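Biologist: Could you take a close look at the cysteines in this one for me? Start there, then work outwards to whatever else is worth seeing.

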Amino acid sequence: LDGERQEAPTGTLVYVQPSVTRTAFAEEPGTTILAIGGVPGQAYGTDGWEIWAPLRSLYEAGDYAAVVQRGRGTIEANPQYAVPMYNLACCEALVGQTTDAIEHLRFAIERQEGLRELAKEDSDLDSIRDEPAFKELVAG
């Protein structure tokens with residue numbers, strides 16, 4: 001928590017103020033970490049992590065074509081979630097599907113403006129960086 005290690009043995013709950021930078025690591029096999037968060041005074045909003053979760057291991061293994069093949073339908077069926085759409089665009093760029101990558105990136109940025117800044121530096125998008133449509137998207 002804010003750079004300081006805190007042990008949390010079995011059954012421990014740790015309350016962290018919203019301003020605290022944090023991360024959690026399960027160091028023992030069988031450990032479960034439950035993180036609950038939100039903005040005070042606002043209802044919790046989902047971000048689509050559950051849409052991306054089944055595809056993450058394929059992405060981490062570098063099997064971008066499998067992510068596109070297996071994930072496109074599910075992600076397109078849930079366009080309200082910007083991050084899975086952004087991740088799909090990255091995988092499409094990595095496998096040379098430029099038109100699809102730019103279109104999905106456009107949808108993602110329309111839904112979550114902060115992704116525009118991420119796209120400017122994301123190496124997954126290097127293959128489409130010189131495309132006029134990409135330049136237009138990241139220029140805002």
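Modeller: The sulfur of Cys 91 has its closest cysteine sulfur in Cys 90, and at 6.8 Å that is too far for a bond. Bear in mind that this is a predicted model. With a disulfide requiring sulfur atoms within 2.5 Å, Cys 90 is in no disulfide either, its nearest cysteine sulfur being that of Cys 91. Searching the whole structure gives zero disulfides. Both side chains are tucked away, though: Cys 91 is buried at 0% relative accessibility, and Cys 90 is buried at 2%.

Both cysteines fall within the range of α3 (82-94), and α3 is worth following into the interior. The largest nonpolar core has 29 residues, and α3 gives the largest share of them, eight residues. Other elements that put two or more residues into this core include α1 (49-60), α2 (64-76) and α4 (98-111), along with α5 (115-121) and α6 (132-139). Nonpolar side chains tend to be buried together in soluble globular proteins. Which residues touch the most other members of this core? They are Ile 75, Tyr 86, Leu 105, Ala 119, Leu 125, Ile 128 and Phe 134.

Take Tyr 86 from that list. Leaving aside residues up to four places away in sequence, Tyr 86 touches Leu 105 and Ala 108, then Leu 115, Leu 118 and Ala 119, and finally Asp 122 and Leu 125.

Phe 134, another of those well-connected core members, leads to α6. There, Phe 134, Leu 137 and Val 138 are buried. Those three cover an arc of only 90° around the axis, so they sit on the same side of α6. What do the buried residues of α6 pack against? Their partners are α4 and α5. Turn to the other side of α6 and you find Pro 132, Glu 136 and Ala 139 exposed. Just after α6 comes Gly 140, with a positive phi of about 85°.

Back to aromatics for a moment. The whole structure holds two aromatic pairs, and ring pairs link Trp 52, Tyr 59 and Tyr 64 into a cluster.

Now for the charged side chains, where the count comes to ten salt bridges. One of them joins Glu 27 and Arg 5, at 2.7 Å from N to O. Both of these residues lie in the segment before α1, so the pair ties together parts that are 22 residues apart in sequence. Glu 27 is exposed, with a relative accessible area of 52%, and Arg 5 is exposed too, at 60%.

Another salt bridge is formed by Lys 120 with Glu 117, whose closest N and O atoms are 2.8 Å apart. Here the two residues are three apart in helix α5, so about one helical turn separates them. Lys 120 counts as partly exposed, at 31% relative accessibility. Arg 129 and Asp 126 make a further salt bridge, with 3.0 Å between the closest N and O atoms. Asp 126 is partly exposed as well, its relative accessible area being 45%. Finally, salt bridges that share partners bring Arg 5, Glu 7 and Glu 27 into one network.

Notes:
Residues numbered from 1 in each chain as written. Predicted model: local features only at pLDDT ≥ 70, side-chain atom pairs only at ≥ 80, totals over all residues. Heavy atoms only, no water. Core = buried A, V, L, I, M, F, W, Y, C linked by side-chain atoms within 4.5 Å. Buried < 20%, exposed > 50% of the residue type's maximum accessible area, 1.4 Å probe, protein only. Helix = DSSP H or I, 4+ residues; strand = E, 2+ residues; numbered from the N terminus. Contact = heavy atoms within 4.5 Å. Salt bridge = Lys/Arg side-chain N within 4 Å of Asp/Glu carboxyl O. Phe/Tyr/Trp six-rings, centres within 6.5 Å; stacked < 30°, edge-to-face > 60°. Arc of directions from axis to C-beta.
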